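Student: I would like to go through this structure with you. Where should we start?

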Amino acid sequence: MQNLLESLGIQEINYGATTGASNGWRKTEADQIESISPIDGKPIARVIQATVHDYEAIMQQASESFEKWRMMPAPQRGQVVREMGEQLRKYKEPLGRLVTLEMGKIIAEGFGEVQEMIDMADFCVGQSRQLYGLTMSSERPEHRMYEQWHPLGQIGIITAFNFPVAVWSWNALLAAVCGNVCIWKPSSHTPLTAIAVQNIIAPVIDRYQINGVFNLVIGSSKDVGNTMVNDPRMHLISATGSTAMGRRIGPVVAERFGKSLLELGGNNAIIVSEDANIDLAVRAITFGAVGTAGQRCTSTRRIIVHRSIKQKITDTLIKAYSQIQIGDPRENRILMGPLVDENAVNTMMAAIQTAQEQGARLLYGGHRVQPISGGFYVEPTIMEAQCQYEIIKEETFAPILYILEYETIQEAIQLQNNVPQGLSSSIFTESMRNMETFLSARGSDCGIANVNIGTSGAEIGGAFGGEKETGGGREAGSDAWKIYMRRQTCTINWSKNLPLAQGITFD
Ligand code: NAD
């Protein structure tokens, strides 16, 4: 472990704020936090958190840097991001290992998370040459009308523990090619991976002398988080986390007419129709429900199965679940690591109890796995449920899968949509009519709708995010870059007259 930490510049005690350059670390002075590995419940290292005063200093540097950064041509900003991507390639292995150590996801997913950052860097390099505006036909003679996009300024990035580094890259790399500067506040569960990312990109920041463009502030949500959200200099707050967090910060940002991009909780379902390829469906459900120990926003939490195949799916799933190896996520044979902490284990056990009280039947799992070397391990759990149980409308951030049954495709879609969240959804079917119904305007109400693949594991090329209580934000691909920019509509009169629109005369 020591070698791993050293290779990423992590000390026993670390400062918690930087403006990005290798000499940009501030001597922070707030309370220390300990990063605990969910693998064994033992401390990895400590971080001295930032005070509000540290935040202020970082914000000042960021604001100053914006003046220069916004005038650098976007393709040159893309070149900076390209070199960051190269650094991430170099450090993929240790950073992936640290993600696993600090967050607890299995090692293949730890590497996958860093790969996603690399992919995002590549995507942003291309995007830096494609910040397109439209040209419109003016109704007035010898006038030209077009729109252009300018950077917003300072962007606050608040991230959740479960994707401790990839979510930063979705936001920061895209926001940066758009000409913005970023201040990142990571989850207090995963401060070390954030420090490691800053150390990895620091040589690029030094080379281009762009101290203040990529900033980090590790601090409590009460002090630093709150200050960020309330700060009128923070033009956009991109916040990933629970719906409860979004509910707290959304109104605060709206009150000051700031922009927000909210990526909140999901409650994702897979519909399995009577004609589905059951082998594919079971593999997708198992990965979706058990992968990352059920701690993905896109984890499969409900399956809605046609009555005629419910028993078959249930039996096949139970068989698949019984083969899952639970344990130290650093070992290659392990498919499910721990939950993030003791609290998450207790929340899962309480949800199982509530579900049973509401009438759900426990079909598999349901227990804590006796601490493997002190970590927070649980059994993946399957429960038979009905749509009227309130518990199935909640996102319990743990591997609990509820099985519901349906008769008609309309009923299946209604069951799927009948939750407050709207992130990811899938259908397994070989029927064109079922598929198109699911994808139609009266189909899935989620931000992501898949056919014959599961709910989790989105690619960066599409815009990622969800509707309803998931917050409505979109990140990563497609035209998600527009949220980081302001649109300006420009009309140029190159005639010698002053015609007014709508034919109005004012002589
Ligand atoms: P969380 O809500 O506890 O914390 C998320 C982040 O918000 C942390 O950095 C936290 O410090 C910060 N925060 C909380 N209150 C704040 C406040 N008042 N002001 C400023 N910052 C504040 O979430 P978590 O437990 O870290 O992550 C799990 C949740 O995140 C799940 O609900 C999951 O679905 C969601 N999530 C959503 C997406 C998505 O893209 N939709 C992606 C990953 C995770």
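Student: How many residues surround the ligand, and which are the closest?
Tutor: This is a predicted model, in which local features need pLDDT of at least 70, side-chain atom pairs count only at pLDDT 80 or more, and totals for chains, interfaces and linings use all residues. Residues are numbered from 1 along each chain as its sequence is written, and side-chain values use heavy atoms, with hydrogens and water left out. A residue counts as near the ligand if one of its heavy atoms lies within 4 Å of it. The shell has 26 residues, the closest being Thr159, Lys185, Ser242, Leu264 and Glu395.

Student: Which residue has a polar backbone atom 2.8 Å from a nitrogen atom of the ligand?
Tutor: A polar contact is a pair of N or O atoms within 3.5 Å. For an oxygen atom of the ligand, a backbone N or O atom of phenylalanine 161 lies at 3.1 Å. For a nitrogen atom of the ligand, the residue at 2.8 Å is leucine 264.

Student: How much of the ligand's accessible area does the protein cover?
Tutor: Accessible areas come from the Shrake-Rupley method with a 1.4 Å probe. On its own the ligand has 850 Å², and the protein covers 88%.

Student: Where does the largest nonpolar core lie?
Tutor: A nonpolar core is a set of buried (under 20% relative accessible area, 1.4 Å probe, protein chains only) Ala, Val, Leu, Ile, Met, Phe, Trp, Tyr and Cys residues joined through side-chain atoms within 4.5 Å. The largest one has 92 residues, and Ile10, Trp168 and Phe214 have the most contacts inside it. By an automatic or database domain assignment, both domain 1 (2-264 + 471-488) and domain 2 (268-460) give residues to this core, so it lies between them.

Technical notes: Buried < 20%, exposed > 50% of the residue type's maximum accessible area, 1.4 Å probe, protein only. Polar contact = N/O pair within 3.5 Å; in protein donor to acceptor, adjacent residues only side chain to side chain.
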